[in-house]
Every structure is written in structure tokens, then in C-alpha cells.
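Trainee: I would like a close look at a single part of this structure. Please keep the answer connected.

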Amino acid sequence: MEDIFIGLGANGERQVLGLGKANRHGLIAGATGTGKTVTLQTMAEQFSRAGVPVFLADVKGDLSGICMAGSDSFAHADVIRARAQQLGIEPFDYHDNPAIFWDLYGQKGHPIRTTISEMGPLLLARLLDLNDTQEGVLNVCFRWADDNGLLLLDFNDLHQALIACAEQASTLTTTYGNISKASVGTIQRQLLSFESQSADRFFGEPAFEINDFLRCDDSGKGIINVLVADQLMRNPKLYSTFLLWLMSELFEALPEVGDPAKPGLVFFFDEAHLLFDDAPAALFDKVEQVVRLIRSKGVGVYFISQNPIDIPEEIAGQLGNRVQHALRAYTPRDQKAIRAAAETFRINKDLDVEQVITELKVGEALVSTLDHEGAPTVVQRTLIAPPRSRLGPITDQERAIIQSISPFGGKYDAAVNRESAAEVLTQKAHDARAAADMVETQGVEAQRAQPRATPSMWERAGKAAFGAAVASAGSMVARKMTGRRSSASPVASAASAAAGAIGTALGGAMLGRFARGLLGGLLR
């Protein structure tokens, strides 16, 4: 199994990243314009060729070319050819890579959605920039919704649940704690603000299934999952919270595998400083825990940042593979970053690392990776290998072609709005008004003689299960008509969806996920 060839060291040695150590995480750092994106692209396409699925965020729009083969007719082709010859890469052939584009806004890729319940109050509080008191109220709202079998799927559900909690604040206080109407109002304003930025599109159904990131194509190459993030970067809180949610989902969903021969997924986290900016202690502890433990799930996390000191020490200490591009010493903070970066490398007596960091040219970096025994290699000044895919963005027409052959064309593109908290609470309010009117006009006995207006929990569960089974059957028919193949069992998918719907209707999102996982495991 080939290693990941990063480049050629000044001592003439190949600088490689062993696939067996790729889940020990890493850091790609350097000032703007020093070559970080090219390094990321070079590594990502090699992981793909080795059969490792990749996730990366395209924050500037220039990584989309990874799905297309390079060409001598494109810009910088002469530089790429010269670098390949300088490194002794023979033959140097251009090639494309299997890729799927994802977009939280659903404009340039398949939409990614999750439910409010799946996100959870901790991450949602961070996304909405809530203080401790407001986060406490949000926790109460989640707990109350779960206790009453109410599904929190989208922003509308959360709006209605918060209104219900505020209206019942005096009766809920003894069970759940104080609910301040002022805090509810603040949360509602934050939700409205995010809706005005279209951030509410991230919440809803069909919810994203994390295993769809862990795929290879028919030739065995790992799929490169590209998150279109140029528009998303205008909302850095949503960007960083989404990526943290994604890592948490991977951590919860994947089994323990120890140290595999190669990772099950490599996760490149660009603009990594956004994850840690203003993060509360509880959230930071969660990040540190996920990064520390996700290695044993076979996932390698690689942070990309302009400044290495943007990564907290607790996290940086777990990043065994490092590629350091040039840094500039314009400010005291820059000088501190240079010293900190130099001190993290294993000493090379022939190299003044602190000085060389400021002298590195574009396409050069200081490289140190973990050897086969897990020890960091001596740092070397390295010429970075060029990618074989296109440098730069693809056209809209090329993107449309890539998306047309995606296996997820009919799975995520259309949003589904099934009965959840908003509909149930609205119906209950309507029933209450109707009952009050009847009591006023016809008396209490006439009202008591009326049949139950709102379905019972079991009736809702049966209805949800039927809807889930019909949706799964529809997906099976669509796959037959379009010729798309799926590794999932159609019967298992339908039964698992129905079980999940019943569990969610009866006991909230946690029970729904448990039911889906339990039945899914039995039917494998």
C-alpha cells in the first residue's frame, strides 16, 4: 500500500505520510498565498487513490477542480511540469478524482440537513451565541419536547416549542426550572436573524446519513466530498458549528477500529481558528474529546490555518503530522507564532527552523510526519509535490455534469416537512380554542361528548411509520427507474425507517435513533 507522497526533502529523502499513521491527525499551516491549498489538494487526491474517502471544505471556491484532470493548457501547467520533473515524478500524468459536492444552501451541491434534535442544545446555543441563562432555557425546551413526544426537526418546531414553554412557564418551573420570557424572546430573535441569512435550510429532513461520506467508487477510489463553503463562510458561526456537528456525528456513528492499515475517512478542516474562537469551556472540552478519541474510529482530522498558534495547545499536542508553510514576521504575534512553530518540530541540526520558516518560497514547507513506530521524523525543508487534478475552479457546466452522476441525486435534494412539534402544537391550540367555544355555546357536557380531536401518541406513531415506509418504498421505485444502485437493503431501509419513526413519535429523537440502529443491525 502506497504512502502519501508530500514532497522531496532538501536532504534528498522522500517526505511521506504513512497511511497507517494518517489517523493521528495533522496540521497544515502558513500565511496566505504560501501554498496550503495546493498541499491539501495533493494530499486529498492521494488519499482518494489509496481508497480513503475524504471530506474537505472549499472555502474560496478553488478546490472544486479536484474532480477534473489537470491539463497542459491550464494556468501554471509549466510550473507543475517543472516541479514534477524536479521531484523525479515519472511518468507524471494528469487524472481526475471521484467527487461529490455538498452545499448547506443546496445551490451548488446536494443539501446537507440535520434536525434540531440531532444538533442538540449545546451546539445550538453556540450557533445562536446564547449566554448561560439562555442556554439553560434552551435545554428546558428540549427536555420538555422530549417528555411530550414532540419532534424538533426545524426552526419552526423550535419557535413553537419555545412559545409553548413561555406560555406554560409558571407550571413548568417546578419540574424543569425557571423559564424567563425575556430569555425566550432573545432566543426567538436569534432564530429570526439566522432565518434571514437562510441558515434555517440546514435544519429539516431528510436528515443527512453520515455513512454517505464513507464511500468508494467502483474502481476502489475514495470519494472526495467537497463542501461548497464560499457562501457559508459569510456565516462563520454556522460553518464552524456544522463541522463540529459533523465530527461529533462521525464519532458517535463509527465503530472502534483501533489503528487500521488506512483511515476510514480523512477530514480536512479549513479556517480551523473559527472552531475555537469564543468557544465556551463545555464546547471546547467536547472538541478536545472528539479529536482525542476519534482516532480510534479510523478518522484522521487535519486542521488548516494561517497561524499555528490559532490551534489551542490541548488540540495541537495531538497533531502528529505537520506541514508548515512560510510565516511572516510582521508583528509581535507573528514572531511568537514562528517561535512556537519552530519548537514543535523534532530538531534538525542542519536546519535553523526559526529562520527558515520566514524564507520558505511558495510551494515549499517544513515537513515532519510520524514514522512507522509512531515517532515524529526529523523536520526537513521540502518541495511540495504538485497535484494531478486541475488547479482552480470548475465551470458551472462541469459542476452540473458531476452532480448529474451523483448517487445521491434523489435522496437529499427535495426537503420533506412531516408532522412535528409545530404542527402538533398548532393543532392543540386550535382544538383548545374550539373546545372553549363549544363550552361557551353548548355547555361542558356537549364538549365532553366530542371524540378526541388530536391523535393519540400511538396514532401519531402509526401514521409516522406508514409515512416513513411509503417514503422508503418510493426511493426504491426511483432507484429502479433511474438505474441507480445502492448498497443498502430496500427491505431493511423501509423497516428501519418505520421503526425509527415509531420510536421518535413515542419518545423523541434519541429513541428514534436507537430504534433505527437496533433494527438496522438486526436486518444486516
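What is the order of the strands in the open sheet, and what kind of pairing does the sheet have?

Mentor: Bear in mind that this is a predicted model. The open sheet has 11 strands, in the order β2-β1-β11-β10-β9-β3-β8-β7-β4-β6-β5, and the pairing is mixed. At the edges stand β2 (14–17) and β5 (99–102); each has a single partner strand, so one side of each has no neighbour in the sheet. Between neighbouring strands the average turn is 25°, with direction ignored.

Strands β9 (residues 321–324) and β10 (residues 364–368) serve as an example of a pair: they run antiparallel and are joined by 3 bridges. One residue to look up is Q324, whose bridge partner in β10 is L366.

Helix α8 packs on this sheet and touches β4 (54–58), β6 (224–228), β7 (265–269) and β8 (299–305). The direction of α8 makes about 160° with that of β7.

Helix α8 (residues 236–253) also packs with helix α3 (residues 116–127), at an angle of about 150° and with the axes 10 Å apart. The angle is over 145°, so α3 is roughly antiparallel to α8. The crossing of α3 past α8 is right-handed. On the α3 side the contact is made by E118, M119, L123, R126 and L127. Their counterparts in α8 are K237, L238, S240, T241, L244, W245 and E249. By type, the residues of this contact are 6 nonpolar, 2 polar and 4 charged.

How values were computed:
Residues are numbered from 1 along each chain as its sequence is written. This is a predicted model: local features need pLDDT of at least 70, side-chain atom pairs count only at pLDDT 80 or more; totals for chains, interfaces and linings use all residues. Side-chain values use heavy atoms; hydrogens and water are left out. Axes are lines fitted to C-alpha atoms, for helices over the stretch in contact, and angles run from 0 to 180 degrees between N-to-C directions. Helices (H or I, at least four residues) and strands (E, at least two) are DSSP runs, numbered from the N terminus. Angles under 35 degrees count as roughly parallel, over 145 as roughly antiparallel, 65 to 115 as roughly perpendicular and the rest as oblique. A crossing is left-handed if the near helix is turned anticlockwise from the far one by less than a right angle, and right-handed if clockwise. Contact means heavy atoms within 4.5 Å. Ala, Val, Leu, Ile, Met, Phe, Trp, Tyr, Cys and Pro count as nonpolar, Asp, Glu, Lys and Arg as charged, and the others, Gly among them, as polar. Two strands pair if DSSP finds at least two bridges between them.
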